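Welcome to this guided tour. Open the structure in your viewer, keep the selection tool ready, and follow along stop by stop.

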Amino acid sequence: FVARPFNAHIDVVHCRPRPQDILPFGFYVPAALKKQIASSAIQVADDEEQHLKTIFNAYCQRNGMEPETSRPWPLDRLSVSWREETGKMPDVVGSLGRLSDVIVIARPDPKANIGFNTLQGALFDAGRLVLICPPRKPEMVGRSIAIGWNGTTEGARAIAAALPVLRKASSAAILVGDIGERNALDAAALQDYLQIHEVTTSVHIFKSKE
């Protein structure tokens, strides 16, 4: 939904864990046990990788895409590629994400305590736009956009990075709380800025809790 209107390239990254990362920490582990754990970890990683690659190939087939294997990526159509990296997912996402326009990650699971470190890596280490996938597939993405605005540097950077998506939206609403810091970068200033970039917006003030 997001990539196709821009003829973007989807770089699917699979993070393969290192055997040493799953070894018990804080106490002595005999060499024989280390070797056994490492062997088991490699087998588990191989099985998981094959399973995910099968899902990836099925996705490409359903959407009529042939995975790209060489660069440069095509600019006149949507394209996709598969990449395998070894290491901890937050580290890989935080590093590779720095040269990505948008980072797409799964929504963290609070019950299983999974995904929060990856989200932090994407937000704070990569410093790029982050799209968190909802539990269910939406019918469309980017048609109507809500912009939470408080005039901060972080917010301004996010707006600048999101301009291509904002230009293609049917509607965009600036949401501003009725309390907080007041400065020159209010909703009207943002509205003027976006108008210069051919993005028409409306402003909605909501009540905040003290």
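## The whole chain

Begin with everything selected: of the 210 residues in the chain, 25% are buried. Keep in mind that this is a predicted model.

Now colour by secondary structure. The chain has six helices and seven strands, and along the sequence they come in the order β-α-β-α-β-α-β-β-α-α-β-α-β. The chain's radius of gyration is 21 Å, well over the 17 Å that the globule rule gives for 210 residues, so the chain is more spread out than a compact globule. Turn the view around and you can follow the C-alpha trace, which spans about 65 × 45 × 30 Å along its principal axes.

Next, switch on the surface. The chain exposes about 15000 Å², and 55% of that comes from carbon and sulfur atoms. If you colour by charge, you are looking at 24 positive and 23 negative charges, whose mean positions are 3 Å apart. As for contacts between residues at least 6 apart in sequence, 73% of them join residues at least 24 apart.

## Stop 1: the start of the chain

Select Asn7, in the segment before strand 1. Its phi is near 50 degrees, a positive value in a residue other than glycine. Asn7 counts as partly exposed because its relative accessibility is 32%, which falls between the 20% limit for buried and the 50% limit for exposed.

Move on to Val12, which sits in strand 1, residues 9–16. Val12 is partly exposed too, with a relative accessibility of 25%. Which residues does Val12 touch, once its neighbours within four places in sequence are left aside? Show its surroundings and you will find Phe56, Val80, Ser81, Trp82 and Arg83. For a distance to try in the viewer, pick the C-alpha atoms of Val12 and Gly87: they are 15 Å apart in space and 75 residues apart in sequence.

## Stop 2: two glutamates

Select Glu49 in helix 1. Is Glu49 buried or exposed? Glu49 is buried, because its relative accessible area is 16%, and the limit for buried is under 20%. Beyond its neighbours within four places in sequence, Glu49 is in contact with His14, Arg16, Trp82 and Glu84.

Then go to Glu68, in the loop between helix 1 (31–62) and strand 2 (79–86). Glu68 counts as buried at 18% relative accessibility. With its neighbours within four places in sequence set aside, the contacts of Glu68 are His9, Trp73, Pro74, Arg77, Ser79, Val80 and Ser81.

While you are here, find Pro72, which is also in the loop between helix 1 and strand 2. Zoom in on the peptide bond that joins Arg71 and Pro72: this bond is cis, with omega about 0 degrees.

## Stop 3: helix 3

Select residues 116–126 to highlight helix 3, then pick out its buried residues: Thr118, Leu119, Gly121, Ala122 and Ala126. Why can you view these residues together from one side? They cover an arc of only 160 degrees around the axis, so they lie on the same side of helix 3. Rotate to the other side of helix 3, and there you meet the exposed residues Asn117 and Phe124.

To see what covers the buried residues, add helix 2 (89–96), strand 3 (102–106) and strand 4 (129–133), which are among the covering elements. Just after helix 3 comes Gly127, with a positive phi near 70 degrees.

## Stop 4: helix 6 and what follows

For the last stop, select helix 6, residues 187–196. The residues Ala187, Leu190 and Leu194 are buried in this helix. Look down the axis: the buried residues of helix 6 fall within an arc of 60 degrees, so they line one face of the helix. The face turned away from that buried side carries the exposed residues Asp192 and Ile196.

Now display the partners. The buried residues of helix 6 pack against strand 5 (144–148), helix 4 (153–161), helix 5 (163–168), strand 6 (171–177) and strand 7.

Finish at Glu198, in the loop between helix 6 and strand 7 (202–206). Glu198 follows helix 6 and has a positive phi, near 65 degrees, in a residue other than glycine. Glu198 is exposed, because its relative accessible area is 66%.

Definitions and conventions. Residues are numbered from 1 along each chain as its sequence is written. This is a predicted model: local features need pLDDT of at least 70, side-chain atom pairs count only at pLDDT 80 or more; totals for chains, interfaces and linings use all residues. Side-chain values use heavy atoms; hydrogens and water are left out. Helices (H or I, at least four residues) and strands (E, at least two) are DSSP runs, numbered from the N terminus. Buried means under 20% relative accessible area, exposed over 50%, partly exposed in between (1.4 Å probe, protein chains only). Contact means heavy atoms within 4.5 Å. The arc is that of the directions from the helix axis to the C-beta atoms. The radius of gyration is taken over C-alpha atoms; the globule rule is 2.2 Å times the number of residues to the power 0.38. Accessible areas come from the Shrake-Rupley method with a 1.4 Å probe; for residues, only the protein chains shown count as cover. Lys and Arg count as positive and Asp and Glu as negative; His and the chain ends are not counted. The place of a charge is taken as NZ of Lys, CZ of Arg, CG of Asp or CD of Glu.
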